[in-house]
Amino acid sequence: MASLAFPSLSSLTISRLHSQKAPFLNSSIPTPSMSTFKHPSVTLHRFQCGVIRMQAGEEDFELKQMRDMAAAKKRWDAMIREGKVKILTPREAGYAIQLSNKPLLDVRPSSEREKAWVKGSTWVPIFEVDNKFDVGTLSRKATNFVMGGWWSGVPTLSYDSQFLSKVEEKFPKDAELIVTCQKGLRSLAACELLCNAGYKNLFWVQGGLEAAEEEDLAREGTQPLKFAGIGGLSEFLGNTGCKRI
């Protein structure tokens with residue numbers, strides 16, 4: 001799963017939901033020099049120390065991610081419980097679009113949007129595919145690949161800091177806005193941002209477009225909406241059980 005670091009959390013760049021620094025790129029592991037090879041015991045000791053530091057760092061990062069996600073879930077639960085965001089099923093969203101002409105905001109990245117989208121929807125991704133090649137991004141890309149990206153095709157994503165301003169250019173604060181993503185998690189993050197920015201009539205598509213049947217929403221694109229999150233080797237082999245956030 002892709003690692004979420006929402007803007008309300010500590011980091012704005014994501015690769016996968018439970019991502020961590022790539023172990024083989026961790027700078028705490030010493031690189032043996034030629035002189036080191038003369039002392040195998042010293043080399044082993046340094047390597048063991050490096051591995052211990054690496055494992056401790058990974059555990060700390062995972063714990064922090066878990067705490068951040070738990071805190072976000074509490075905020076989202078409260079947001080829905082207090083009626084700040086209303087829940088719709090994909091079918092209910094389809095009815096609302098057809099009968100009430102409510103706009104649908106699609107916050108998925110381009111890697112999903114280009115495969116299938118709801119007809120007439122407005123696309124403003126909250127996270128977008130990260131195509132940078134700096135050291136930090138390459139580290140996340142490597143981690144993403146070894147943690148399943150090769151199978152699922154999940155790309156490395158980064159938060160778009162212009163997301164709110166882009167939405168505000170398209171929709172007034174009093175718009176009755178339906179928000180969706182592929183699986184429902186990123187759209188909740190988007191709803192939180194929009195709610196805090198003053199949007200008062202927000203609707204969240206529970207389960208995202210992955211939960212939609214063909215008859216629920218008018219679709220455009222080459223694939224069913226529920227399969228737009230599948231990529232990588234799983235897509236090549238026709239696997240439809242791959243999950244996206």
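How many of the residues of strand 8 are buried? In this predicted model, 4 of the 5 residues of strand 8 are buried, and the strand is mostly covered. The surroundings of strand 8 are described below, after a general account of the chain.

The protein has 245 residues, and 44% of them are buried. Its secondary structure amounts to 7 helices and 10 strands. Among contacts with a separation of 6 or more, 72% are between residues 24 or more positions apart. About 12600 Å² of the protein is exposed, and carbon and sulfur atoms supply 58% of this area.

Strand 8 belongs to an open sheet of 5 strands, which has the order 2-9-8-3-5 and parallel pairing. Strand 2 and strand 5 (122-123) are the edge strands, and each of them pairs on one side only. Strand 8 and strand 3 run parallel and are joined by 3 bridges. In this pairing, Thr180 of strand 8 stands opposite Asp106. Strand 8 also pairs with strand 9 in the parallel sense, over 4 bridges. Here Glu176 stands opposite Asn201 of strand 9, while Val179 has Trp204 in strand 9 as its bridge partner. The connection between these strands includes helix 6: strand 8, helix 6 and strand 9 form a right-handed β-α-β unit.

Strand 9 also runs parallel to strand 2, and 4 bridges join the two. Val85 stands opposite Leu202 of strand 9, and Leu88 stands opposite Val205 of strand 9. Strand 9 is largely enclosed by the rest of the structure, because 4 of its 5 residues are buried.

The sheet can next be considered together with the nonpolar cores. In soluble globular proteins, nonpolar side chains tend to be buried together. The largest nonpolar core of this model has 28 residues, of which Leu105, Ile126, Phe163, Val167, Val179 and Leu194 touch the most other members. At least two residues of this core come from each of helix 1 (40-81), strand 7 (157-159), helix 5 (163-170), strand 8 (176-180), helix 6 (185-196) and strand 9 (201-205). Helix 6 gives the most, with 7 residues. Leaving aside residues up to four places away in sequence, Leu105 touches Thr122, Val124, Phe163, Val167, Phe171, Leu177, Ile178, Val179, Thr180 and Leu194. Apart from this core lies another, of 15 residues, which includes Ala93, Val118, Ile178 and Ala212.

Helix 2 (residues 90-100) has buried and exposed residues on opposite sides. Its buried residues are Pro90, Ala93, Gly94, Ala96 and Ile97. These residues lie on the same side of helix 2 because they cover an arc of only 160° around the axis. An α-helix has 3.6 residues a turn, so residues three or four places apart point the same way. On the other side of helix 2, Gln98 and Leu99 are exposed. The cover over the buried residues of helix 2 includes strand 2 (85-88), strand 3 (104-106), strand 4 (116-118), strand 8 and strand 9.

Asn101 follows helix 2 and is placed in the loop between helix 2 and strand 3. Most residues other than glycine have a negative phi. Asn101 is not a glycine, yet its phi is positive, at about 60°. Asn101 counts as exposed because its relative accessibility is 67%, and the cut-off for exposed is over 50%.

Ile230 is also in a loop, between strand 10 (219-221) and helix 7 (232-236). The relative accessibility of Ile230 is 5%, and therefore this residue counts as buried; the cut-off for buried is under 20%. Ile230 and Ser111 are 119 residues apart along the chain, and their C-alpha atoms are separated by 9.6 Å.

Technical notes. Residues numbered from 1 in each chain as written. Predicted model: local features only at pLDDT ≥ 70, side-chain atom pairs only at ≥ 80, totals over all residues. Heavy atoms only, no water. Core = buried A, V, L, I, M, F, W, Y, C linked by side-chain atoms within 4.5 Å. Buried < 20%, exposed > 50% of the residue type's maximum accessible area, 1.4 Å probe, protein only. Contact = heavy atoms within 4.5 Å. Areas by Shrake-Rupley, 256 points an atom, 1.4 Å probe, with all protein chains shown as cover. Arc of directions from axis to C-beta. Pairing = 2+ DSSP bridges. Right-handed = clockwise from strand over helix to strand, strands pointing away.
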